[in-house]
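Welcome! Have a look at the structure below, and then try some exercises with worked solutions.

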Amino acid sequence: MTAMIDMHAHWRPAEVADALRARTREPRIVRNPDGAEVLKMPRMGEQPLAEAFDNLDFHLARMDRQGVEASVLSLLGSFCWIESQPPEVSVPLCRSVNDGLSAICQKHPGRFAAFAALPLTDMNAAVTEFERALALPGVIGAQLPGNYFLTRKDAEAARPLLESANRHHAVLFIHHGPRPGDAFPKVANDTDNARRRNGTLDMQASLSSTMVTLCLTDLLADYPDVTVVVHNLGGNLLYEIERMDHRCLLDTPNEELPSSRVRKAKVYVDCNSFGPHAIEAAVRLYGAERIVCGTDGTEFGVDWTRKALEEADIGDDARERILNRNAAAMLARAVGQRQMAAE
């Protein structure tokens with residue numbers, strides 16, 4: 001069994017427990033009628049505190065059991081509230097989380113890397129924390145909300161982080177989510193099939209827009225040393241690219257086809273949550289060399305991704321690239337650059 005490198009492994013850090021106790025709105029820690037502390041999460045009810053945060057030993061045991069060589073940790077979306085708080089709140093919280101993630105990486109060399117959490121309500125503070133975090137062992141980049149890249153105009157706000165990432169040859173993991181102040185989620189909880197509409201339809205459409213910005217504009221031209229990874233196969237682009245090519249031939253026949261521009265853009269995607277047929281389509285569009293593994297950091301996610309890759313008609317070389325080799329090269333570049341900068 002080829003060892004997997006999981007580039008999309010979300011983490012629920014215990015470092016934010018005290019801040020959750022101080023909150024007056026969900027997510028927050030409260031005492032239930034029996035007097036026990038529980039974590040109350042939007043749309044997810046209550047969870048005993050003993051189960052609310054990730055346990056390192058449990059996670060490592062699962063990785064060993066399932067053949068996961070390394071996991072790149074990033075904040076679970078429901079914990080990203082720390083990034084949208086005022087700077088006086090978010091800066092110390094993000095520092096604490098990033099220090100904790102680095103400590104995990106140092107305790108288990110080679111088994112973990114991490115994407116930093118950033119105080120996004122103040123871009124100067126975000127860059128300062130990004131620079132600080134990148135000097136920590138194991139931190140290879142940052143996780144950013146996809147709404148920063150829905151359009152070329154939206155992405156202007158992220159330029160300071162792109163510039164910093166470019167200087168440090170860092171990795172940016174772009175994950176579906178709101179910028180501070182965005183209305184989110186788009187579909188109200190009392191709408192029919194709200195979970196399906198938010199967790200699939202809107203998510204994938206938003207990621208498609210993110211990929212159009214990253215691949216079909218000149219945004220990344222000034223940042224050749226940034227490695228960008230978008231989750232969930234980059235939205236629905238792999239299904240929509242043929243129509244984009246068709247419309248291009250009709251509307252702007254002298255323009256390079258979108259499919260060609262996407263392949264040249266060299267933006268990575270992970271295959272989290274998708275099955276064999278989608279992975280086959282992704283290999284055709286992006287090339288196997290631009291796909292990495294993602295699992296959300298769960299046992300189910302690892303099993304799902306392994307099964308999808310086993311069943312995908314992509315050949316052994318492509319399968320091994322996606323399971324391990326692409327991510328291994330990405331991590332080696334990022335770690336190598338950190339070491340060179342320190343020397």
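The exercises below deal with a helix, some salt bridges and a pocket.

This is a predicted model, in which local features need pLDDT of at least 70, side-chain atom pairs count only at pLDDT 80 or more, and totals for chains, interfaces and linings use all residues. Residues are numbered from 1 along each chain as its sequence is written, and side-chain values use heavy atoms, with hydrogens and water left out.

**Exercise 1. Check the span of helix H4 (residues 87-107).**

Step 1: Helices are DSSP runs of H or I with at least four residues, numbered from the N terminus, while strands are E runs of at least two.
Step 2: The expected span is 1.5 Å times one less than the number of residues.
Step 3: For the 21 residues of H4 this should give 30 Å, and the end C-alpha atoms are 29 Å apart, which agrees.
Step 4: Now look for buried residues (under 20% relative accessible area; exposed is over 50%, partly exposed in between; 1.4 Å probe, protein chains only). Among them in H4 are Leu 93, Val 97, Leu 101 and Ile 104.

**Exercise 2. Which parts of the chain does the salt bridge between Lys 40 and Glu 26 tie together?**

Step 1: A salt bridge is a side-chain nitrogen of Lys or Arg within 4 Å of a carboxyl oxygen of Asp or Glu. In this pair the closest N and O atoms are 3.8 Å apart.
Step 2: Lys 40 lies in strand S3 (residues 37-41) and Glu 26 in the loop between helix H1 (17-22) and strand S2 (28-31), so the bridge ties together parts 14 residues apart in sequence.
Step 3: Lys 40 is partly exposed at 23% relative accessibility, and Glu 26 is partly exposed at 33%.

**Exercise 3. Is Asp 64 buried or exposed?**

Step 1: Find its salt bridge with Arg 111 (3.0 Å, N to O). Asp 64 sits in helix H3 (residues 56-66) and Arg 111 in the loop between H4 and strand S6 (112-116), 47 residues apart.
Step 2: Asp 64 has 52% relative accessibility, so it counts as exposed. Arg 111, at 21%, counts as partly exposed.

**Exercise 4. Which element gives the most to the lining of the second largest pocket?**

Step 1: On a 1 Å grid over the protein atoms alone, a pocket is an open set of points with protein on both sides within 12 Å along at least five of seven lines, and lining residues have an atom within 4 Å of a point.
Step 2: The second largest pocket has a volume of about 520 Å³. Of its 25 lining residues, those closest to the centre include Tyr 223 and Lys 266.
Step 3: H13 gives the most, with 4 residues.

Key:
On a 1 Å grid over the protein atoms alone, a cavity is a set of points where a 1.4 Å probe fits but cannot get out, and a pocket is an open set with protein on both sides within 12 Å along at least five of seven lines; lining residues have an atom within 4 Å of a point. Grid points are joined across faces, edges and corners, and a volume is the space filled by probe spheres set on the points.
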